[in-house]
Amino acid sequence: MITPTPAPPTTLLAVETGDWIRGGVTVAAGIIGAMAIAAVVRRLMHGKSQMVASLLARTFGAIVAVMGLVYGLNQVGVAIGPLLGALGVAGFAVAFALQGILANTLAGVLIQIRRPFEIGHLVKLGDYHGRIDDVTLRTVVMTSVTGEQVIIPCATVIDETIENWTANRYRRADVIVGIGYDADVDEAIEVLTTAMRGIDGALTDRPNKVVVDGFGGSSVDIRLLVWHDLESVHFLDFRH
């Protein structure tokens with residue numbers, strides 16, 4: 001009776017060791033690649049919002065690192081299909097539970113990229129008027145014109161009409177002046193035009209006008225349309 005000769009144990013050991021080495025190299029390559037991708041993203045986003053740059057760098061870096069880990073586990077014989085299925089189910093459950101937070105986070109990223117306002121700007125966001133104090137990945141913090149602190153979710157800001165009062169340097173002020181029916185309208189317009197030219201910050205190269213706006217119950221309404229430098233308006237000291 002011939003007894004089969006068993007395979008040398010060193011052969012199986014060598015194969016297993018090689019698998020572990022290849023798996024370790026794959027994981028290490030994924031980590032190094034993640035660091036390189038993050039550095040490239042930060043370089044490409046240089047001069048942009050640092051918060052957005054950091055977020056994108058971490059996101060792309062994490063994707064590369066996870067890919068390296070998955071392929072590394074595959075090298076040592078770990079079944080990837082069931083693992084990915086479990087991760088997918090867990091990720092869906094977490095995303096469903098945190099959908100409000102994720103929506104605000106995505107909206108915060110969009111605000112940082114689009115930049116509809118800056119810190120210190122006076123804005124109108126829906127029913128709120130005030131100065132922007134801070135913008136995070138989830139909320140916009142502002143001080144209202146009456147002094148209250150208002151914290152608005154970024155998703156709400158994205159859905160609202162944004163009226164930025166300080167984005168443009170020049171603005172037009174409309175002022176209504178009423179004169180009696182027995183007054184000389186032409187003379188009133190001339191006087192108001194002269195007075196308008198003497199307003200601090202009024203721009204002479206813009207179409208400033210004095211026009212009859214309408215007839216009230218006891219007066220003729222004259223509208224002054226004055227273009228002015230934003231910095232000349234005293235109420236904007238609220239920004240500071």
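Let's start with E118, which sits in the loop between α4 (99–114) and β1 (122–125). Keep in mind that this is a predicted model. Besides E118, there's a nonpolar patch on the surface and an aromatic pair to look at.

**Around E118**
- E118 counts as partly exposed, because its relative accessibility is 34%, between the 20% and 50% cut-offs.
- The side chain of E118 makes a polar contact with the side chain of R115, at 3.2 Å.
- Now look at T166: in sequence E118 and T166 are 48 residues apart, while in space their C-alpha atoms are 9.4 Å apart.

**The nonpolar patch**
- Five names to find on the surface are I37, F60, I63, M67 and Y71, which form a nonpolar patch with about 480 Å² of accessible area together.
- Helix α2 (residues 50–75) gives the patch its largest share, 4 residues.
- I37 belongs to helix α1 (residues 9–44).
- With a relative accessible area of 33%, I37 is partly exposed.

**The aromatic pair**
- The count here comes to 1 aromatic pair.
- That pair is Y181 and F215, and the two rings are stacked, 6.4 Å centre to centre with 15 degrees between the planes.
- The pair ties together distant parts of the chain, 34 residues apart: Y181 is in the loop between β6 (170–179) and α6 (185–197), and F215 is in strand β7 (residues 209–215).
- Y181 counts as partly exposed at 46% relative accessibility.
- F215 has a relative accessible area of 64%, so F215 is exposed, the cut-off being over 50%.

Definitions and conventions: Residues numbered from 1 in each chain as written. Predicted model: local features only at pLDDT ≥ 70, side-chain atom pairs only at ≥ 80, totals over all residues. Heavy atoms only, no water. Patch = residues over 30% accessible without salt bridge, like charges linked within 9 Å, V, L, I, M, F, W, Y side chains within 5 Å. Areas by Shrake-Rupley, 256 points an atom, 1.4 Å probe, with all protein chains shown as cover. Salt bridge = Lys/Arg side-chain N within 4 Å of Asp/Glu carboxyl O. Helix = DSSP H or I, 4+ residues; strand = E, 2+ residues; numbered from the N terminus. Buried < 20%, exposed > 50% of the residue type's maximum accessible area, 1.4 Å probe, protein only. Phe/Tyr/Trp six-rings, centres within 6.5 Å; stacked < 30°, edge-to-face > 60°. Polar contact = N/O pair within 3.5 Å; in protein donor to acceptor, adjacent residues only side chain to side chain.
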